[in-house]
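Here is a short report on one chain. It follows charged side chains first, then strands and core.

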Amino acid sequence: QVQLVEFGGGSVQAGGSLSLSCAASGRTGGILPMGWFRQAPGKEREFVAAINWSGGITGYADSVKDRFAISRDHAQNTIFLQMNNLKPEDTAVYSCAARTRAYGESWYREVSEYDYWGQGTRVTVSS
């Protein structure tokens, strides 16, 4: 089993920045690609960003590209999401996810492709 815990949510005004982190514990030896997703009130969970097992390849939703940056620290079993120039539409509960299988250098953007999920951390952006 793997446990994922997110940190760093909060409230910020539009144009501000927040940094999220996700710490993995348990049987982390098999964690490969990881990602961030978000769910706004009344909406389905959506992909935000993902990173491959080595941390060298990343992918982003169009809505956050050039504003958000995902990274990982293998030594700390942690991934990060730096969010800049935040907009009210970024308001959501942000969750990290981990996948225990990988093919090559792939990253993954579908909810169904991940095996473990954190509880989420709330981000609120006011206008």
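Arg 101 is partly exposed, with a relative accessible area of 38%. The model is predicted. Asp 115 is also partly exposed, at 31%. These two side chains form a salt bridge, with the closest N and O atoms 3.0 Å apart. Both residues lie in the loop between E9 and E10, so the pair ties together parts that are 14 residues apart in sequence.

**Salt bridges**

The count comes to 5 salt bridges. Three of them are set out below.

| Pair | Closest N to O distance |
|---|---|
| Asp 90 and Arg 38 | 2.9 Å |
| Asp 90 and Arg 67 | 2.8 Å |
| Asp 115 and Arg 101 | 3.0 Å |

Asp 90 forms a salt bridge with Arg 38. Asp 90 sits in the loop between strand E8 (78–83) and E9, while Arg 38 is in strand E4 (residues 34–39), so the pair ties together parts 52 residues apart in sequence. Asp 90 counts as buried because its relative accessibility is 0%, and the cut-off is under 20%. Arg 38, at 5%, counts as buried too.

Asp 90 also meets Arg 67 in a salt bridge. This pair links distant parts of the chain: Arg 67 is in the loop between strand E6 (58–60) and strand E7 (68–73), 23 residues from Asp 90. Arg 67 is buried, as is Asp 90. Through shared partners, salt bridges join Arg 38, Glu 46, Arg 67 and Asp 90 into one network.

**A buried arginine without a salt bridge**

What does Arg 99 have in place of a salt bridge? Arg 99 lies in the loop between strand E9 (92–98) and strand E10 (116–117). It is buried. The nearest side chain of opposite charge belongs to Glu 113, 5.0 Å away. A salt bridge needs the charged atoms within 4 Å, so this pair does not qualify. The backbone oxygen of Glu 113, however, lies 2.7 Å from a polar atom of the Arg 99 side chain. Beyond its neighbours within four places in sequence, Arg 99 is in contact with Gly 30, Ile 31, Leu 32, Pro 33, Tyr 108, Glu 113, Tyr 114 and Asp 115.

Glu 110 is placed in the loop between E9 and E10. Is this residue buried, partly exposed or exposed? Glu 110 is partly exposed, because its relative accessible area is 43% and the partly exposed class lies between 20% and 50%. Its C-alpha atom is 19 Å from that of Ser 71, which is 39 residues away along the chain.

**Strand E1**

Side chains alternate along strand E1 (residues 2–7). Val 2, Leu 4 and Glu 6 point to one face and are buried. Gln 3, Val 5 and Phe 7 point to the other face and are not buried. E1 runs antiparallel to strand E3 (residues 18–26), and 6 bridges join them. Val 2 stands opposite Gly 26 in E3.

**The nonpolar core**

The largest nonpolar core has 34 residues. Trp 36, Leu 81, Met 83 and Tyr 94 have the most contacts inside it. Strands that each supply at least two residues of this core include E1, E3, E4, strand E5 (46–51) and strand E11 (121–126).

Tyr 94 has contacts well along the chain. Leaving aside neighbours within four places in sequence, its partners include Trp 36, Leu 81 and Met 83. Glu 6 of the buried face of E1 and Arg 38 are also among the residues in contact with Tyr 94.

Notes. Residues numbered from 1 in each chain as written. Predicted model: local features only at pLDDT ≥ 70, side-chain atom pairs only at ≥ 80, totals over all residues. Heavy atoms only, no water. Helix = DSSP H or I, 4+ residues; strand = E, 2+ residues; numbered from the N terminus. Buried < 20%, exposed > 50% of the residue type's maximum accessible area, 1.4 Å probe, protein only. Lys, Arg positive; Asp, Glu negative; His and termini not counted. Polar contact = N/O pair within 3.5 Å; in protein donor to acceptor, adjacent residues only side chain to side chain. Contact = heavy atoms within 4.5 Å. Pairing = 2+ DSSP bridges. Core = buried A, V, L, I, M, F, W, Y, C linked by side-chain atoms within 4.5 Å.
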